[in-house]
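Me: I'd like to go through this structure with you, one piece at a time. Could you start with how the helices pack?

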Amino acid sequence: KNKTTKKIKIAVAQGDGIGPEIMGATLKILEAAGANIAPNFIELGEQVYLSGNTSGIKTEAWETIGDAKIILKAPVTTPQGKGYKSLNVTLRKSLGLFANVRPVSALHPYVKTNFPNMDVVIVRENEEDLYAGIEHQQTDDVVQCLKLITRPGCERIIRYAFEYAKAFGRKKVTCMIKDNIMKLTDGLFHKVFVEIAAEYPDIINESQIIDIGAAHLAAHPERYDVIVTSNLYGDIISDIAAEIGGSVGMAGSANIGKNIAMFEAIHGSAPDIAGQNIANPSGLLNAAVNMLAYIGQTEIADNIKNAWLTTLEEGYHTADIYNNKFSIKKVSTSEFTDAVIERLGEKP
Ligand code: ATP
Ligand code: MG
């Protein structure tokens, strides 16, 4: 390892619930693998909300984020009750994180799934659509939410999906829309998809109506490769994909903006199992592996990924995936972490 290279600054949010446990595990593995990073811890989440700050994030945290431009974030808990704004929406909008990328692949036979050949990446638009926050009370009995779709927004996310496919050797991009009903908004998304697809003749493209697309994804996920879609549809189908792919504890995601990116697990803070040292750190670890690839530390990323796969293949499974004949030893969060560290440097 080149010790003289400057360490890359990362803004790290420890999160709530199982957050600190899975972040501790992830950082321990990254350090053992020699990741060239300098974690700068930021304060956001439940404690900040409860201190009376309804945004849930401290001013100093924004400064650290602006400086580092890379965030590794554990899940946070938004307190029940009125007035607490979702940190995820705040971060995505404030930082212009336009693409939400969620790879879900089966680890058959080591992790139980009905879909052994599933290997899907969902690229979800992250800022527009019904999430633009334009809601009105028309009368006492009539309310309205506006669906906002822009050509630049469509171009950016669809191009990102094709560039992603190209960079990662993926063969097909599927667009999911409902343009038979929403002829203007979804019609624009579809039209831009057809235009941009023409620039990538080596990648197969197809379009499906979202309802049948979601149904087919649930029944035949192996038919899909990269899926690009608008914000709300992407939210729904990425939960479907994660659910049928195995455990929610396994998948990580990237929120990509211009010169800035945030990496996180797809699951929530799981208060039901917090503080018990039983959570699966794999989702956040996978997000961190993608982060290392994003900052160019691909060898270290591959080493961690291989050690993680070997650990799972040898049957070291946390409780959420301890459910088949390949599960040899039921391990805690920290035992799983140490098992991954022991396997660093092994050939895949
Ligand atoms: P949020 O609203 O924050 O997304 P949620 O209601 O979707 O939360 P999660 O916190 O994601 O819920 O948890 C859903 C279920 O999955 C819970 O039973 C939880 O224990 C389990 N779970 C989530 N993450 C993990 C993990 N990393 N390891 C093991 N189990 C997990
Ligand atoms: Mg959730």
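Reply: This is a predicted model, and a good place to begin is helix α1 (residues 19-32), which packs with helix α9 (residues 282-294) at an angle of about 40 degrees, the two axes being 9 Å apart. The pair is therefore oblique, since an angle of about 40 degrees is neither under 35 degrees nor within any other named range.

Me: Which way does α1 pass α9, left-handed or right-handed?

Reply: The crossing of α1 past α9 is right-handed.

Me: And which residues in α1 and α9 meet?

Reply: On the α1 side they are I22, M23, T26, I29 and L30, and on the α9 side they are L284, L285 and A288. Sorted by class, this contact holds 7 nonpolar residues and 1 polar residue, with no charged ones.

Me: What about α9 and α10, at what angle do they cross?

Reply: Helix α10 covers residues 298-313, and its axis comes within 7 Å of the axis of α9, with a crossing at roughly 155 degrees. An angle over 145 degrees counts as roughly antiparallel, so that is how α9 runs relative to α10. The crossing of α9 and α10 is left-handed, and the contact is made by S282, L285, V289, L292 and A293 from α9 together with T298, I300, A301, I304, K305 and W308 from α10.

Me: How many nonpolar, polar and charged residues in the contact of α9 with α10?

Reply: There are 8 nonpolar, 2 polar and 1 charged in the contact of α9 with α10. L285 of α9 appears in this contact, and L285 is also among the residues that meet α1.

Me: OK, now α5 and α6. How do they pack?

Reply: Helix α5 (residues 151-167) and helix α6 (residues 185-197) have axes 9 Å apart and pack at an angle of about 45 degrees, and they are therefore oblique to each other. R151, C154, E155, I158, R159 and F162 in α5 meet L188, F189, V192, F193 and I196 in α6, a set that divides into 8 nonpolar and 3 charged residues with no polar ones. As for handedness, α5 passes α6 in a right-handed crossing.

Me: Switching to ligand 1, which residues come nearest?

Reply: Ligand 1 has 14 residues around it, of which G249, H267, G268, A270 and N280 come nearest. By class, the shell around ligand 1 divides into 6 nonpolar, 6 polar and 2 charged residues.

Me: Any backbone oddities? Where is P109 found, for a start?

Reply: P109 is found in the loop between β4 (99-105) and β5 (119-125), and the peptide bond leading into P109 from H108 is cis, with omega near 0 degrees. For K69, phi is near 65 degrees, a positive value in a residue that is not glycine, and K69 lies in the loop between α3 (59-68) and β3 (70-73). Both are worth noting because most peptide bonds are trans and most residues other than glycine have a negative phi.

Me: Last one, which residues does the UniProt domain annotation cover?

Reply: According to the unreviewed UniProt entry, the domain annotation "Isopropylmalate dehydrogenase-like" covers residues 9-340. In the model, that span is 39% helix and 20% strand, and the C-alpha atoms at its ends lie 24 Å apart.

Note on methods: Residues numbered from 1 in each chain as written. Chains lettered and ligands numbered in written order. Predicted model: local features only at pLDDT ≥ 70, side-chain atom pairs only at ≥ 80, totals over all residues. UniProt positions renumbered as here; feature names shortened; annotations may be inferred. Helix = DSSP H or I, 4+ residues; strand = E, 2+ residues; numbered from the N terminus. Axes fitted to C-alpha atoms, helices over the stretch in contact; angles between N-to-C directions. Parallel < 35°, antiparallel > 145°, perpendicular 65-115°, else oblique. Left-handed = near helix turned anticlockwise from the far one by under 90°. Contact = placed C-beta atoms within 7 Å. Nonpolar A, V, L, I, M, F, W, Y, C, P; charged D, E, K, R; others polar. Near = placed C-beta within 6 Å.
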